[in-house]
Amino acid sequence: MIKVRFAPSPTGFLHIGGLRTALYNYLFARHNNGIFLLRIEDTDRSRFVEGAAEGLVDILKWAGLDFDEGPLFQSDRLDIYKERVDFLLKNGFAYRCFCSADRLDGMRKAQIAKKQPPKYDGLCKSLSPEESDKLAKEKPFTVRMKMPQEEIIFDDAIRGTVKFHGSLIDDQVILKSDGYPTYHLANVVDDRMMGITHVIRGEEWLSSTPKHIILYRYFGWNPPVFAHLPLLLNPDKSKLSKRQGDVAVESYKEKGYLPEAVLNYVLLLGWATEDSQQIFSKEEMIAKFSIERCGKSGAIFDIQKLIWMNGEYIRKLPIEELTRRAIPFIEKAGFEASDIGYLQKCVFLEQEKIKLLSDVPHLIDFFLKDDIIYDKNALDKVVKKPGVFEILNDIAVVYSELKEFTEQSTETVTREYAIKKSLKTAQIFHPVRVAVSGRTEGPSLFHMLELLGRDRVLKRVNYLIGEING
RNA sequence: GCCGCUAUCGUCUAGCCCGGUUUAGGACGUCGCCCUCUCAAGGCGAAGAUCAUGGGUUCAAAUCCCAUUAGCGGCACCA
């Protein structure tokens, strides 16, 4: 039975790169009818952020990456790690280290200054068991694993065979002086005890993997399959970071990206099909995903393509659904959103123009409020032209004489008026558009007029006539 | 500094494992044309890649081999 996990630490919001890792794990599990587990790696008390774990669960839910087990918290499992550390200590695979943080720090700085690799000098390694036991009662200590001085070779499902030499790797701290395990220990122990078969994680873990391999060996366990995903990059090719744009999935949600689009976009950052398919339903993702087709090189996060993709998904959404999702944004902009039927009509007229849900309030605001703002540019370009005053006056009369004020009837009489006056239709359409909406761009004119209704249309046209006069 | 990973259009990538079907394919973006009451959307088209560089192997290399370079990642009592 295939089993994978997503194992974030609760130190803040979910990173967009983390979302991709979670997605790949999720897809791999679903594709293989396996299990997807969520584990919260909260072993660093100094970086713990209140509410972060809940936030992680919420945003995963928003993204639709439902997990089958968890969330499991490492802080609930301290006894288990402690027991494993004792095992290592007893078998000589690890030793207590009583060096102070100051000593370690000074040593590291000196090594770096001498252009040497920063590495623990092994001072406490030579302590006898008796000395170690005695000191342990007096001083705080950490526990370090012993790195064997040999070549460590492992297979990565994405990168193939990878080799490191143990002599170059530090005797890693696996238990901190506060009694909490470090990532390396907790990760290995949990993956084993939770039955994880495939570890799919970011490339930043590749060089730690030999430590994990050795821990598995010390415990007498078979390691899982490792797959290290390429990193997500800033436009300058450095590891994607806060400084150069949004990395929190939460902020994409707030900006009005659809989870389907974010997932689909992130899917393509490091994975592709042979035919370079771009748009995937979730079912297709699950059906087609495979680790073998993951790329090896880092991918720059291109917001332009995400925006395009979001537009694609928005255009495909049924109008009821689109409106439902847009309502929080409409309300946030200060508009009343109780008349769903009316909002649906407004949103429908603008659907093909929406890139982000947060665009919606602005796109439809002239349907929702009376004191519309006339765009300066629109006034200059369209209204301040000779003949506009007369046209608007005539049109107001024509519209007021209409029996029924509909898309069809308004179009018919407007075109008739154009012929009668030997005007190009655009000479009438444009000023009317500006008069009723305040701007030059918008939905097709007559759909807009019908939705606005005669009263509002006449009121706005007459208002503009007054403005031209004044 | 040491270790490791990576390297195809501006960006995401296909092709590479199993050399010839590649005038290196698709997508975003850009530009042009069409449609059109505007903006979009849509349709059509264009520009854009000496396949990091240099050597081999071969009748033939983006594809195989070697070296080099560059970029990135890791080297915490962070994950």
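## Exposed backbone outliers

A residue counts as exposed when its relative accessible area is over 50%. Asn33 has 64% relative accessibility, so Asn33 is exposed. This is a predicted model. Asn33 sits in the loop between H1 and strand E2 (35–40). Its phi is positive, about 50 degrees, although Asn33 is not a glycine.

Lys237 also has a positive phi without being a glycine; the value is near 75 degrees. The loop between strand E11 (232–233) and helix H8 (249–254) holds Lys237. Lys237 has a relative accessible area of 61%, so Lys237 is exposed.

## A cis peptide bond

The peptide bond between Gly70 and Pro71 is cis. Omega there is about 5 degrees. Pro71 belongs to strand E3 (residues 69–73).

## Nonpolar cores

The largest nonpolar core contains 110 residues. Ile16, Leu267, Phe367 and Tyr399 have the most contacts inside this core. Helix H1 (residues 16–31) is the top contributor, giving nine residues. A second core is separate and has 30 residues. Leu37, Ala94, Ile214 and Leu215 are among them.

Which residues does Tyr399 touch, leaving out those up to four places away in sequence? They are Phe405, Thr410, Val413, Thr414, Val432, Phe446, Leu449, Arg454, Val457 and Leu458.

## Domain layout

The domain assignment splits chain A into four entries. Domain 1 covers 3–72 + 181–233, and domain 2 covers 79–175. Domain 3 runs over 317–368, and domain 4 over 376–468. The centres of domain 3 and domain 4, taken over C-alpha atoms, are 24 Å apart. Domain 3 puts 12 residues into the contact, and domain 4 puts in 11 residues.

## The interface of domain 3 and domain 4

Interface size is often stated as the accessible area lost when the parts come together. Domain 3 and domain 4 bury about 930 Å² between them. Carbon and sulfur atoms account for 65% of that area. On the domain 3 side, Leu349, Phe366 and Phe367 supply 63% of the area buried against domain 4, more than any other three residues. Phe367 also appears among the residues with the most contacts inside the largest nonpolar core.

The polar side of the interface has one salt bridge. Arg439 and Asp365 form a salt bridge, with their closest N and O atoms 3.3 Å apart. Seven residue pairs are in polar contact across this interface, both residues at pLDDT 80 or more. On domain 3, helix H13 (340–350) and helix H14 (360–368) each give two or more residues to the side that touches domain 4. H14 has the largest share of that side, six residues.

How values were computed:
Residues are numbered from 1 along each chain as its sequence is written. Chains are lettered from A and ligands numbered from 1 in the order in which they are written. This is a predicted model: local features need pLDDT of at least 70, side-chain atom pairs count only at pLDDT 80 or more; totals for chains, interfaces and linings use all residues. Side-chain values use heavy atoms; hydrogens and water are left out. A nonpolar core is a set of buried Ala, Val, Leu, Ile, Met, Phe, Trp, Tyr and Cys residues joined through side-chain atoms within 4.5 Å. Buried means under 20% relative accessible area, exposed over 50%, partly exposed in between (1.4 Å probe, protein chains only). Helices (H or I, at least four residues) and strands (E, at least two) are DSSP runs, numbered from the N terminus. Contact means heavy atoms within 4.5 Å. Domain bounds come from an automatic or database domain assignment. Buried area is the accessible area (1.4 Å probe) that two parts lose on being put together, summed over both. A salt bridge is a side-chain nitrogen of Lys or Arg within 4 Å of a carboxyl oxygen of Asp or Glu. A polar contact is a pair of N or O atoms within 3.5 Å; within protein, one must be able to donate a hydrogen and the other to accept it, and residues adjacent in sequence count only if both atoms are side-chain atoms.
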